[in-house]
Every structure is written in structure tokens, then in C-alpha cells.
Amino acid sequence: VRAQKSLGLIGGTPDYAPIAGFESPEVPARTYVYSADGRLYAYALPNVVRIFQAEGAQLLSELPLSNVIELSFSPRGTYLSTWERPIKLDDNQQHKNLRVFSVSTGEELVAFTQKSQEGWDLQYTITESHAIRLVAQEIQVFRPTEWGKGVVDKLKVEGATKACLSPGLNPSVAVFVAEKKGAPASIKIYGLLTLSASPTCQKTFFKADRSTIKWNLLGTQVLLLTQTDVDNTNKSYYGETGLYLLSAAGNFDCRVTLDKEGPIHDFAWSPNSKEFGVVYGYMPAKTVIFDQRVRTLYDFGAAPHNYISFNPQARLLALAGFGNLAGKIDIFDRRTLNKLCTIDAPNTSYCDWSPDGRFLLTATLSPRLRVDNGIKIWHCTGALMHVQLVEEMYQASWRPTPVDNVPPFPSQGGPLQSSLVPPPPSPSVSLYQLSLKNSGAGGSTTSLDGTPTKPAGAYRPPGARGNATPAIFKREDEGGFSRTPSGQNTPVRGYSKSPAPPVSAGMNGPGGPGGQGRGGRYANGDGNVAKAALASAALTPLDTALSTPVTPGLDSALDPIAKKVRNLNKKLKAIEELKDKAKRGERLEATQMKKIDGEAEIRRELAGLGITD
């Protein structure tokens with residue numbers, strides 16, 4: 001846990017006590033990092049970098065480096081990379097701000113100039129036999145055992161903006177080229193040992209200014225999320241997104257077709273490398289699990305989620321809604337697809353599974369939120385295990401542990417809840433809940449046995465108390481209106497697009513009969529009646545699918561029967577259009593089907609008015 005004024009190592013269940021022998025540094029740390037196997041731990045202070053053996057927090061070495069703000073270990077912990085903000089040197093030489101050190105000796109092995117903090121680190125193969133970095137559209141390859149030889153292989157890809165090295169024993173490199181000046185974007189996959197050969201797989205597409213690349217753990221397939229800076233259809237503030245799946249061997253590639261319009265919020269590979277999950281669509285978003293040939297395995301339906309994560313054993317799945325959503329986490333058993341529990345963790349800015357797959361860590365971090373910072377540990381059955389509030393906390397994480405070194409997850413047979421009994425919670429949980437009770441804080445909490453207490457509920461103005469929530473304010477999965485395909489998160493209302501409301505013949509608008517310019521009133525001079533009439537009109541529900549612009553003065557020329565006939569005919573015409581859409585195979589909303597069902601009633605009303613055609 002790293003905060004503005006402290007840095008600490010905390011043990012796990014059952015006591016969650018500070019690690020004995022670890023002394024918090026005397027000055028604020030700028031960052032910390034574990035090695036991938038959890039064997040090593042390092043943190044950076046303003047003038048020194050310290051490397052520890054994670055077990056027992058034994059200090060191994062100190063590197064006298066200043067202004068380091070990024071650290072990274074190689075996969076086996078042989079090398080440590082550091083990054084400093086680039087500065088201008090007096091002799092006009094380039095500042096080599098990316099350095100690689102030997103962890104065992106502390107010797108600096110190689111240094112590079114790296115201006116951008118994004119993607120600053122070298123990427124190593126899992127065996128550390130090779131390392132790559134992207135420099136000015138050129139992929140450079142190094143042998144870490146022979147840093148002195150410099151670049152041993154390279155590949156120039158015109159327009160390349162990102163390169164991602166795969167895990168696995170047969171490493172490949174995925175290279176993304178952004179769309180530019182009308183030329184399509186592309187992704188190309190090269191074998192690391194055969195960079196000069198043609199790409200083993202490639203795909204071109206449009207609407208791709210930026211990308212996120214995720215390989216499966218075997219390094220056999222890659223998912224590419226593309227995103228534009230601007231949505232040309234004006235349906236989203238955040239641009240358009242697309243998802244593609246490619247095989248490193250070149251035997252499969254396709255676009256992942258999603259059946260709900262809207263952005264892709266999150267996607268993740270399962271640790272078994274055979275399936276992946278996607279959260280997509282306007283809220284409430286859909287979550288679907290696909291196999292490695294993009295066939296749907298399971299649809300979780302619509303819910304307010306924007307986060308997905310498999311536990312390291314691929315047995316549990318967490319779906320959550322963070323950010324501007326309520327912070328609820330739904331835990332599912334991947335085999336039975338049954339929901340185990342729902343965890344209420346509002347204001348969460350970081351969430352991660354423990355290495356043994358039984359616990360979740362949620363944290364509220366600065367600068368995302370500067371109040372209520374701290375960590376909470378939850379059991380996968382929903383029980384709150386530990387709470388630690390930390391003032392202005394910036395970083396929190398589990399110590400990595402290989403899956404083979406943790407207790408095996410319960411095998412098949414019987415309900416999963418019965419084999420995953422949570423241990424007793426730490427005393428901090430009862431103290432935390434007591435402080436909430438004494439302070440009168442609202443929101444939902446969790447009791448010691450994991451049972452959520454009744455939340456205080458959302459604020460309602462006095463005039464709305466005791467009434468049911470209108471459908472317009474409900475989410476789609478709670479019985480509210482379905483979201484429009486145009487991408488709006490609220491249904492279209494029958495508001496006039498003009499700055500002023502339509503003026504009928506009975507009102508003295510500018511230039512109207514008895515006009516008084518902008519201050520025009522009704523002919524009887526009663527301005528309050530005019531205001532009341534406008535308020536009543538604004539509150540009258542309108543049939544949004546059938547509403548049409550109103551022409552001032554037209555309604556006064558028709559008698560009430562003629563007006564009713566005209567409106568009923570408009571509804572029939574709209575119903576005929578919906579029928580044509582249904583015949584063409586288009587999917588209709590429930591409200592549209594309800595309108596079609598009302599056709600007989602409309603025709604009976606017309607017959608009652610003497611209209612038979």
C-alpha cells in the first residue's frame with residue numbers, strides 16, 4: 001500500500017498484520033513494483049531505488065538514482081528497468097532516461113532515450129531470451145544476455161504506433177498501425193524469430209485511431225480493441241469502438257460482432273486461453289462470453305456493468321460497475337453460471353483478484369477520489385474480511401504468486417458456496433461498521449456474516465415521497481424505458497427544437513393578433529393564465545413516435561372531431577410502418593409491439609366517429 005506519507009506491506013488472512021522487518025521509508029515513495037513471480041519487491045524514493053526480497057522484506061540492494069517515477073522487473077526478475085522524466089542536458093546530449101540494471105549486482109547494463117511515459121518499458125519474452133522496444137516506427141530486438149551488442153534484429157513498419165509481444169514459448173509481435181489520411185488502420189502479427197518474413201496474420205479496417213492489444217496466456221490469439229477520437233455519428237462522446245480477434249498462426253481472424261449498439265467498456269481473456277468476455281453497449285450494458293471462434297457461450301443480459309475479470313483459476317467471474325456507476329460487483333461461478341453474491345463497493349477505483357482466486361481487493365485511490373481512501377478485502381462469497389483506511393492513498397496491489405504455488409480451487413461436485421467458507425473477518429470490519437453507524441453515513445454496508453444491511457436509499461424530494469419511481473427514471477433492467485438505438489441514454493421526448501415554444505392562435509406571440517412583441521399576453525390580459533397553460537402543455541405526455549411539428553394557427557381551423565380523426569389516422573399510419581419493418585425482419589421494441597396491438601381499438605374509435613375507411 002502506497003500513500004502520500006507512508007508505504008507499507010500488509011500480510012493476508014487471517015490477521016492482516018504489517019510485515020515484520022519492513023520499515024516504511026522516511027520520505028514519500030513515488031512508485032513500487034513486484035516481480036511477476038512475487039519473489040522481489042522494489043520502490044523508488046526521490047534519490048534512491050531499493051530492491052527487497054519480498055518474503056521477509058530483506059533489503060538486497062540500493063541504486064543511487066534520482067527522480068525515478070517508473071519501475072519494472074523482467075519476467076524472471078533478472079533485470080530492473082527504471083524511467084525518469086526526460087530533461088535537457090547542458091551539453092545538448094540526449095538524456096538516457098530509460099535504464100536497465102542487473103538485480104543481482106546493481107550494475108547498469110544499458111540505457112536508452114525514451115520520451116514518452118506510455119509504453120516506456122522493454123518487453124521481454126517469458127524466458128528473457130529476447131527483449132523488444134518500439135522506436136520511431138521501428139521494432140528493435142535485443143538479447144538481454146548480450147546488451148553490449150546492441151540491436152540484433154529490427155523491423156520497420158510504416159505508421160506503427162504500438163507493438164505488443166506475446167507470452168508463451170513461441171513469441172509473436174502484434175503491430176498496430178493507426179488510420180491516417182484516408183489509409184485504413186491495420187494489425188500485423190510477426191514471428192519474433194522471423195521478423196524479416198511476411199506477417200503470419202494481418203487485418204485492415206477503418207475507424208481506428210487508438211488501440212488496446214491483449215494476448216491470451218498461451219500467446220496463440222490476440223484481441224484488438226480499436227477506438228476513434230471522434231464519433232462521426234454523434235452518438236457518443238468517446239468515439240466509436242470495435243473488437244477483432246486474430247490467431248498468431250494466421251488460420252483465423254474476424255471482427256467480434258456485438259448485438260447491442262454502444263461502446264465496448266471492457267474485455268478480458270480467461271486464464272484458460274479458450275474464451276473471453278466482453279462488456280458492451282449503452283447502459284445497462286450487456287456481457288457475453290465467447291469461445292476462441294467467437295461463438296457465444298453465455299449471455300449475462302443487461303446490467304449496469306463496465307468491468308469484467310476472471311479469477312486466476314478461471315473458475316469465478318467478476319462483473320462490476322465502477323466510475324460513475326454504483327460500484328456493485330456480481331460474482332459468478334463460471335461452470336454453473338450461477339451468481340454467488342453481490343458485493344457493494346462504492347467509489348472503487350481499483351479492483352483485483354487475489355492469486356488464490358478466493359478474495360477481491362477493492363481500493364479507493366487518489367487523485368480519483370481524495371476522501372475515503374483505503375482498501376477493502378472481500379471473500380468471493382460476499383463477506384467483508386478487512387478494511388484499512390489510508391489518507392491520500394495512491395497505489396495498492398496483491399503480491400503476485402504463481403497459480404501452481406497456491407492451494408487448488410475446489411473441484412467439481414456440490415455447490416461452490418459450501419466448499420468456499422469464508423474465514424473470520426478481522427476486527428477492523430466491526431470497527432469500520434461501528435464508525436459508519438455512529439457517523440450516520442448512508443449507503444449499504446455488509447455485516448460480519450456477509451449479509452448486506454438495508455441502504456438508506458436515494459434522496460427524494462418531498463413531493464415524490466411515497467410514490468413509485470416513474471419508468472422514465474428507471475434502468476432498462478429495472479422495468480424502465482428501453483434505450484433508443486440512436487445511443488441516447490434517455491428516451492426522446494416531444495420537445496420543440498426551437499428556442500421558444502410553438503405559439504397557437506389563442507396566444508399573442510410576436511406579430512400575432514393583439515401582439516405586444518415579446519411581452520404579449522392572452523386577449524383577456526391574464527398573464528398567469530398564459531403561464532399555467534404553458535406549464536400544463538409541458539407536463540402533458542406526448543407520443544414520441546407519433547409527434548410532429550405543430551404549425552401555428554392550423555389546429556384552430558379544425559373542429560374537435562376532425563382533429564381526433566386526424567390523430568387517429570396518424571397512429572394507423574405509424575402502425576402500418578411498424579408492420580412493414582416487422583415484415584422486413586427488423587427487431588421491434590416492446591413498446592412498438594404494444595402499438596401494433598392497439599390497432600383494433602383505434603379502428604373502433606374511428607368507426608364510432610362515422611369513419612369506416
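This passage walks through a small sheet, a helix, the nonpolar cores and the cysteines of a predicted model.

A good place to start is the sheet built from four strands, which is open and follows the order 10-11-12-13 with antiparallel pairing. Strand 10 (123-124) and strand 13 (153-156) take the edge positions; each has a single partner strand, so one side of each is left without a neighbour in the sheet. At one of these edges, strand 10 runs antiparallel to strand 11 (residues 131-135), and two bridges join the pair. Looking at individual residues, Tyr124 has Ala131 of strand 11 as its bridge partner.

Helix 6 offers a friendly example of how a helix can have two sides. In this helix, which spans residues 599-608, the buried residues are Glu599, Ile602 and Leu606. Viewed down the helix axis, these buried residues fall within an arc of 65 degrees, so they line one face of helix 6. Arg604 and Gly608, on the other side of helix 6, are exposed. What do the buried residues of helix 6 pack against? Their partners are helix 4 (560-583) and helix 5 (590-597). After helix 6 comes Gly610, which has a positive phi, near 90 degrees.

Attention now turns to the interior. In soluble globular proteins, nonpolar side chains tend to be buried together. In this model, the largest nonpolar core has 24 residues, and those with the most contacts inside it are Leu316, Ile329, Ile331, Ile343, Trp353 and Leu360. Several elements contribute at least two residues each to this core: strand 27 (316-320), strand 28 (328-333), strand 29 (339-344), strand 30 (350-353), strand 33 (384-389) and helix 2 (427-439). Trp353 is worth a closer look. With neighbours within four places in sequence set aside, the residues in contact with Trp353 include Leu316, Ile331 and Leu360, along with Phe310, Pro312, Cys380 and Trp398. A second core, separate from the one around Trp353, has 17 residues, among them Ile187, Ile189, Ile213 and Leu224.

The cysteines complete the picture. How many disulfides does a search of the whole structure find? The search finds zero. Cys380, named above as a contact of Trp353, is in no disulfide, and the nearest cysteine sulfur, that of Cys341, is 7.2 Å away. A disulfide would need the two sulfur atoms within 2.5 Å. Is Cys380 buried or exposed? Cys380 is buried, with a relative accessible area of 1%. Cys201 is buried too, and its relative accessible area is 5%.

Terms used:
Residues numbered from 1 in each chain as written. Predicted model: local features only at pLDDT ≥ 70, side-chain atom pairs only at ≥ 80, totals over all residues. Heavy atoms only, no water. Pairing = 2+ DSSP bridges. Buried < 20%, exposed > 50% of the residue type's maximum accessible area, 1.4 Å probe, protein only. Arc of directions from axis to C-beta. Contact = heavy atoms within 4.5 Å. Core = buried A, V, L, I, M, F, W, Y, C linked by side-chain atoms within 4.5 Å.
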